[in-house]
Amino acid sequence: MHKLLVLYSKPADPDHFRDYYVTNHLPLVMNWPGLLAWRYSFDVAATKGEAPYFAVFEGDFADAAAMAAARASPHGQRLAADVVNYATGGAVVIHYPVPDGTG
């Protein structure tokens, strides 16, 4: 599995961010070809001090190639272009392989 993680800094208007994200951006996410699972949260907390992020998104893809194809697709490009409509604080996008494992 390969994970895409988006870390959103605090926006200028948190209420607009939440509303736009849920009403407009997430419906686009739901139809993203190649996306196996996704989750998000506006309740980001740090174990010590103040959290440096306002919101987080996680997307799961079969592998790095599937994620790259999804991001390069017209739909993926539309998703990326939509971020400026709500994430006025900016966003950090990282990705990484997730090996299977149990304790």
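Helices and strands are DSSP runs, numbered from the N terminus. On this basis the protein has three helices and four strands. The structure is a predicted model. From the N terminus on, the order of elements is β-α-β-β-α-α-β.

The overall dimensions were computed next. Along the principal axes, the C-alpha trace spans about 40 × 35 × 20 Å. The radius of gyration is 14 Å. A compact globule of 103 residues would have a value near 13 Å, so the protein agrees with that expectation. Buried residues account for 34% of the 103 residues. The exposed area of the protein is about 6,100 Å². Carbon and sulfur atoms supply 56% of that area. Contacts were also sorted by sequence separation. Among those between residues at least 6 apart in sequence, 74% join residues at least 24 apart.

Aromatic pairs were then examined. A pair of aromatic rings is described by the distance of the centres and the angle of the planes. The whole structure holds 15 aromatic pairs. One of them joins Phe17 and Tyr21. This pair is stacked, at 5.6 Å centre to centre and 15° between the planes. Phe17 and Tyr21 both belong to helix α1, residues 14-30. Because they are four residues apart in that helix, about one helical turn separates them. Phe17 and Tyr21 are both buried.

Tyr21 also pairs with Tyr86. Here the geometry is edge-to-face, with 5.3 Å centre to centre and 70° between the planes. This second pair links distant parts of the chain. Tyr21 is in helix α1, whereas Tyr86 is in the loop between α3 (74-82) and β4. The two residues are 65 apart in sequence. Tyr21 has a relative accessible area of 1%, so it counts as buried, the limit being under 20%. Tyr86 is likewise buried, with a relative accessible area of 1%. Ring pairs build a wider cluster as well. Its members are Tyr8, Phe17, Tyr20, Tyr21, Trp38, Tyr40, Phe42, Phe54 and Tyr86.

Trp38, one of the cluster members, lies in strand β2, residues 37-41. Trp38 counts as partly exposed because its relative accessibility is 30%, between the limits of 20% and 50%. Residues up to four places away in sequence were not counted among its contacts. Beyond these, Trp38 touches Leu26, Val29, Met30, Phe57, Glu58 and Gly59. Met67 is 29 residues from Trp38 along the chain. The C-alpha atoms of Trp38 and Met67 are separated by 13 Å.

Charged side chains were treated separately. The count of salt bridges comes to five. In one of them, Lys3 is joined to Glu58, with the closest N and O atoms 3.1 Å apart. That pair links distant parts of the chain, 55 residues apart. Lys3 is in strand β1 (residues 2-8), and Glu58 is in strand β3 (residues 55-61). Lys3 has a relative accessible area of 11% and is therefore buried. Glu58, at 24% relative accessibility, counts as partly exposed. Glu58 is also among the residues touched by Trp38.

Lys3 meets a second acidic side chain, that of Asp60, in a salt bridge of 2.9 Å, N to O. This pair too links distant parts of the chain: Asp60 in strand β3 and Lys3 in strand β1 are 57 residues apart. Both Asp60 and Lys3 are buried. A further salt bridge joins Asp60 to Arg39, with the closest N and O atoms 2.9 Å apart. Asp60 in strand β3 and Arg39 in strand β2 are 21 residues apart, and their pair again links distant parts of the chain. Asp60 counts as buried because its relative accessibility is 5%. Arg39 counts as partly exposed, at 33% relative accessibility. Salt bridges with shared partners join Lys3, Arg39, Glu58 and Asp60 into one network.

The surface was also searched for patches. Val92, Ile94 and Tyr96 form a nonpolar patch on the surface. Together they have about 210 Å² of accessible area. Tyr96 is placed in strand β4, residues 91-97. Its relative accessible area is 30%, and Tyr96 is therefore partly exposed.

Notes. Residues are numbered from 1 along each chain as its sequence is written. This is a predicted model: local features need pLDDT of at least 70, side-chain atom pairs count only at pLDDT 80 or more; totals for chains, interfaces and linings use all residues. Side-chain values use heavy atoms; hydrogens and water are left out. Patches are made of residues with over 30% relative accessible area and no salt bridge: like charges are joined within 9 Å, nonpolar side chains (Val, Leu, Ile, Met, Phe, Trp, Tyr) within 5 Å. Accessible areas come from the Shrake-Rupley method with a 1.4 Å probe; for residues, only the protein chains shown count as cover. A salt bridge is a side-chain nitrogen of Lys or Arg within 4 Å of a carboxyl oxygen of Asp or Glu. Buried means under 20% relative accessible area, exposed over 50%, partly exposed in between (1.4 Å probe, protein chains only). The radius of gyration is taken over C-alpha atoms; the globule rule is 2.2 Å times the number of residues to the power 0.38. Contact means heavy atoms within 4.5 Å. Rings of Phe, Tyr and Trp (its six-membered ring) pair if their centres lie within 6.5 Å; planes under 30 degrees apart count as stacked, over 60 as edge-to-face and the rest as tilted.
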